[in-house]
Amino acid sequence: MQFLQGDVLLERVDAVLANAMPKRPPAGRPLLVAPGRGGTRSHVLAPGSDVAAWSLAAVPDETPDYLVVGLHGARLVHEEHAPIDLPQGTYRVVRQREFDPGLAAVRPVLD
């Protein structure tokens, strides 16, 4: 099962990898899934979403690699896209990337 919202793909997986590090979103605040350009138009899980976030990075950044959605579900929102209601399950977060020839580097797309 997959859900696509702009430049963010959530792909349902069986489990989070063993070396992932958990982090809980602050109570009552949205969880950032993918930042937008200039700090606006970000993809976030709405407050009240039943979710835990997981990162695989040695030093986790502000966005998760996996989301574990609980029994009560979660809602992914973005001001330019329709909201997506996620059922219970584990999801891998895949962000679209682009090549910048000026920097000769690959970077995440910012919506």
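Let's start at V13, which sits in strand β2. This is a predicted model, so please hear everything I say about it in that light. V13 has a relative accessibility of 22%, so V13 counts as partly exposed. Leaving aside residues up to four places away in sequence, V13 touches Y66, T90, Y91 and R92. If you look towards the start of the chain, M1 is 12 residues from V13 in sequence, and their C-alpha atoms are 8.4 Å apart.

Keep Y91 in mind, as that residue takes us to the aromatic rings. How many aromatic pairs does the structure hold? There is 1. The partners are F3 and Y91, with ring centres 6.0 Å apart and planes at 65 degrees. Why do we call that edge-to-face? An angle over 60 degrees counts as edge-to-face, and the planes of F3 and Y91 stand at 65 degrees. F3 belongs to strand β1 and Y91 to strand β10, so this pair ties together parts 88 residues apart in sequence. Are F3 and Y91 buried or exposed? Both of them are buried.

Let me step back to the whole chain for a moment. There are 12 strands and 0 helices, so if you write out the elements from the N terminus, you simply write β over and over. Of the 111 residues, 38% count as buried. The exposed surface comes to about 6500 Å², and carbon and sulfur atoms supply 54% of that area. Now take the contacts with a separation of 6 or more: residues 24 or more positions apart account for 59% of them.

Now, a word on confidence. The average pLDDT of the chain is 79, and 77% of the residues score at least 70. Which element has the lowest mean pLDDT, and which the highest? Strand β12, residues 105-108, has the lowest, at 61, while β9 has the highest, at 93.

On to the interior. In soluble globular proteins, nonpolar side chains tend to be buried together. Here the largest nonpolar core has 17 residues, and L10, V33, L45, L67 and L86 are the ones with the most contacts inside it. Several strands give two or more residues to this core, including β2 (8-13), β6 (51-55), β7 (66-69) and β9 (81-86). Which strand gives the most? That would be β4, with 3 residues.

If you click on L45, you can see its surroundings. Not counting residues up to four places away in sequence, L45 touches P30, L31, V33, V51, L67, A74, R75, L76 and L86. Notice that V33, L67 and L86 appear in that set, and these three are also among the residues with the most contacts inside the core.

Next, a polar spot that I enjoyed looking at. D7 is in the loop between β1 (2-5) and β2. Is D7 buried or exposed? With a relative accessible area of 4%, D7 is buried, because the cut-off for buried is under 20%. What does the side chain of D7 contact? There is a polar contact of 2.8 Å with the side chain of H43.

H43 lies in strand β5, which covers residues 43-45. H43 counts as buried, at 0% relative accessibility. Besides D7, the side chain of H43 also has Q5 as a partner, through a polar contact of 2.9 Å between the two side chains. So when you view H43, show both D7 and Q5 beside it.

D7 has one more long-range relation to point out. Q96 is 89 residues from D7 along the chain, and their C-alpha atoms are separated by 5.1 Å.

Last stop, A52, in strand β6. A52 counts as buried, with a relative accessibility of 10%. P22 is 30 residues from A52 in sequence, and C-alpha to C-alpha the two are 7.1 Å apart in space.

To recap the stops: an edge-to-face pair of F3 and Y91, a nonpolar core of 17 residues, and a buried H43 whose side chain makes polar contacts with D7 and Q5. Thanks, everyone!

Key. Residues are numbered from 1 along each chain as its sequence is written. This is a predicted model: local features need pLDDT of at least 70, side-chain atom pairs count only at pLDDT 80 or more; totals for chains, interfaces and linings use all residues. Side-chain values use heavy atoms; hydrogens and water are left out. A nonpolar core is a set of buried Ala, Val, Leu, Ile, Met, Phe, Trp, Tyr and Cys residues joined through side-chain atoms within 4.5 Å. Buried means under 20% relative accessible area, exposed over 50%, partly exposed in between (1.4 Å probe, protein chains only). Helices (H or I, at least four residues) and strands (E, at least two) are DSSP runs, numbered from the N terminus. Contact means heavy atoms within 4.5 Å. Accessible areas come from the Shrake-Rupley method with a 1.4 Å probe; for residues, only the protein chains shown count as cover. pLDDT is the predictor's confidence in each residue, from 0 to 100. A polar contact is a pair of N or O atoms within 3.5 Å; within protein, one must be able to donate a hydrogen and the other to accept it, and residues adjacent in sequence count only if both atoms are side-chain atoms. Rings of Phe, Tyr and Trp (its six-membered ring) pair if their centres lie within 6.5 Å; planes under 30 degrees apart count as stacked, over 60 as edge-to-face and the rest as tilted.
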